[in-house]
Amino acid sequence: MSLLPSSRFRPSTAPVRSANLPAEAYVLAIASLPSFYAAAASAPSNAILLFDRERLRNVQTLPGHASSITTLRSVSNVANAVSHALLSSGKDGAVQVWDERAGSAALRCELLTASNAGSPRGLLSCDVSADGLTVAAGTELQGEDASILYWDPRSPAAPLRVHSSTHSDDITALHFYRNGSLLLSASSDGLVCTSNAAEADEDEAGVHVGNWGCSIAQAGWVHDSAGRPGVWASSDMETFSIWTNELDRVQDVDIRQPSVHKQDITWVTDYLIGCHTTSRPFEDSDNDLCVFAGSNEGDVALMTKPTFSDASAPWLLQHTWSTGHVGVVRAALWDEGNNVLLTGGEDSKLHAWTAMAPESVASPGKTKRANDVDPMDEDDDDMSGRKKRRA
């Protein structure tokens with residue numbers, strides 16, 4: 001496999017705005033709200049910081065979680081009562097929907113039982129269905145069980161149901177599809193699964209299962225040019241895979257292998273930061289997947305692949321952002337509507353960059369696919385690696 005500079009390749013060597021998190025905290029995840037960007041901070045605060053979009057100033061700090069924040073994302077609808085809400089989960093066993101005006105959680109979902117009152121089950125992933133009526137969260141392994149918990153956000157005191165046989169280890173990723181009740185899940189047990197979240201009987205809820213045979217750190221949806229869904233997944237060992245919607249594995253590669261060594265361009269991938277599904281696919285791609293990779297020096301690259309149907313097709317290096325961070329970059333968010341890339345790392349820095357040169361993506365006038373949605377409704381804020389070796 002090979003990596004080639006795209007004909008539209010552009011490097012960026014300086015962010016346009018920057019901010020520092022207090023107490024030398026890592027930036028664990030980044031999310032986008034209509035008026036703010038949000039960043040999840042590591043211990044000791046485990047707080048969520050809000051930054052104004054224009055100057056990247058910290059304008060508010062939400063209390064976050066009692067222990068590590070594991071997910072931070074914006075969702076378009078919760079209980080048909082809150083739009084463009086900020087959602088988080090943590091190892092304190094809670095999923096929270098935030099009201100930034102009040103500076104507190106407007107909704108809190110958790111599993112409280114007599115057996116876990118002193119030690120709640122840590123949550124590693126969460127999402128909300130497109131209709132806003134189902135909250136799902138994945139637990140870490142406790143004893144012999146790892147569960148997917150489902151709540152009705154209108155009655156959050158206790159889960160509607162608990163599915164404990166889908167996975168047998170930490171549930172590291174959960175993503176609802178754009179519409180309906182189809183839920184994608186991935187786990188350290190090596191399985192990637194799709195389930196019907198509306199089905200109470202767990203034996204009947206499973207739709208498809210794929211076994212990768214290695215611990216999965218991240219996963220998400222991808223679409224071809226006709227809008228048909230597929231799945232991407234990455235492992236703790238920096239391997240990367242593409243799956244059909246029936247979870248047959250199409251490709252399986254070491255994401256560190258593609259590299260560029262030319263007189264004026266050098267790029268070597270050390271780890272995957274995360275993936276983004278763009279609303280305006282690159283003109284040379286038959287899919288909407290954008291892969292953000294990082295280097296140990298703190299640089300970031302955007303890579304695409306014109307097609308996943310041909311294993312020999314080269315990866316394309318579209319853009320690099322360098323000299324902003326020192327060390328591992330933990331999170332990236334592509335705000336397509338404002339042409340901004342946000343990056344955050346273990347150096348406590350949050351940077352805003354010019355995302356792409358205008359000619360680097362398909363024209364805004366390009367005909368959209370039938371199932372394209374507004375960028376604010378996309379899952380563009382979950383590009384945060386939760387790899388245990390970098391925790």
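Is Trp 243 buried or exposed? I began with this residue, working throughout on a predicted model, and I found that Trp 243 has a relative accessibility of 3%, so it counts as buried.

**Entry 1: the tryptophan pair**

I searched the whole structure for aromatic pairs and noted seven. One of them joins Trp 212 to Trp 243 in an edge-to-face arrangement, with 6.4 Å from centre to centre and 85° between the planes. I then looked up where the two partners sit: Trp 212 is in the loop between S18 and strand S19 (216-223), while Trp 243 belongs to strand S21, so the pair ties together parts that are 31 residues apart in sequence. For Trp 212 I read a relative accessible area of 8%, which is under the 20% limit, and so Trp 212 is buried.

**Entry 2: the chain as a whole**

I stepped back to the protein chain, which has 391 residues, 58% of them buried. Its secondary structure comes to one helix and 31 strands. Among the contacts with a separation of 6 or more, I noted that 53% are between residues 24 or more positions apart. The chain exposes about 15,100 Å², and carbon and sulfur atoms supply 48% of that area.

**Entry 3: nonpolar cores**

Which residues touch the most other members of the largest nonpolar core? In this core of 21 residues, I listed Phe 240, Leu 289, Val 291, Met 303, Trp 315 and Leu 317. The strands that each supply at least two residues of the core are S1 (3-12), S21 (239-243), S25 (271-277), S26 (289-294), S27 (300-304) and S28 (315-321). Of these, S26 gives the most, with three residues. Apart from this core I found another, of 18 residues, which includes Tyr 37, Phe 51, Val 340 and Ala 352.

I followed Leu 289 further and, leaving aside neighbours within four places in sequence, recorded contacts with Val 222, Trp 232, Phe 240, Ile 242, Cys 275, His 276, Thr 277, Thr 304 and Phe 308. Three of the names on that list, Trp 232, Phe 240 and Phe 308, come back in one aromatic cluster, where they are joined by Trp 315.

**Entry 4: strands S16, S17 and S18**

I turned next to strand S17 (residues 191-196), where five of the six residues are buried, so the strand is largely enclosed by the rest of the structure. On one pairing, strand S16 (residues 182-187) runs antiparallel to S17 and is joined to it by five bridges. Within this pairing I placed Leu 182 opposite Asn 196 of S17. The hairpin of S16 and S17 has three residues between the strands, and in it Gly 190 takes a positive phi near 90°. S17 also pairs with strand S18 (residues 206-211), again in the antiparallel sense and over five bridges. Here I noted Val 209 in S18 as the bridge partner of Cys 193.

**Entry 5: Thr 139**

How accessible is Thr 139, buried or exposed? I found a relative accessible area of 0%, so this residue of strand S12 (residues 135-139) is buried. Its side chain makes a polar contact of 3.3 Å with the side chain of Arg 121, and a polar atom of the Thr 139 side chain lies 2.9 Å from the backbone nitrogen of Ser 147. Not counting residues up to four places away in sequence, I listed Arg 121, Gly 122, Leu 123, Leu 124, Ala 146, Ser 147, Leu 149, Asp 170 and Ile 171 as the residues that Thr 139 touches.

**Entry 6: Leu 72 and Pro 15**

Leu 72 is found in strand S7 (residues 69-78), and its relative accessibility is 0%, so I entered it as buried. The C-alpha atoms of Leu 72 and Ser 88 are separated by 4.5 Å, although the two residues are 16 apart along the chain.

Pro 15 was my last stop, in the loop between S1 and strand S2 (17-20). With a relative accessible area of 25%, Pro 15 is partly exposed, because that class runs between the 20% and 50% limits. I noted that Pro 15 and Ser 322, 307 residues apart in sequence, are 8.7 Å apart from C-alpha to C-alpha. Beyond four places in sequence, Pro 15 touches Gly 324, His 351, Ala 352 and Trp 353; one of these, Ala 352, I had already entered as a member of the core of 18 residues.

Conventions. Residues numbered from 1 in each chain as written. Predicted model: local features only at pLDDT ≥ 70, side-chain atom pairs only at ≥ 80, totals over all residues. Heavy atoms only, no water. Core = buried A, V, L, I, M, F, W, Y, C linked by side-chain atoms within 4.5 Å. Buried < 20%, exposed > 50% of the residue type's maximum accessible area, 1.4 Å probe, protein only. Helix = DSSP H or I, 4+ residues; strand = E, 2+ residues; numbered from the N terminus. Contact = heavy atoms within 4.5 Å. Polar contact = N/O pair within 3.5 Å; in protein donor to acceptor, adjacent residues only side chain to side chain. Areas by Shrake-Rupley, 256 points an atom, 1.4 Å probe, with all protein chains shown as cover. Pairing = 2+ DSSP bridges. Phe/Tyr/Trp six-rings, centres within 6.5 Å; stacked < 30°, edge-to-face > 60°.
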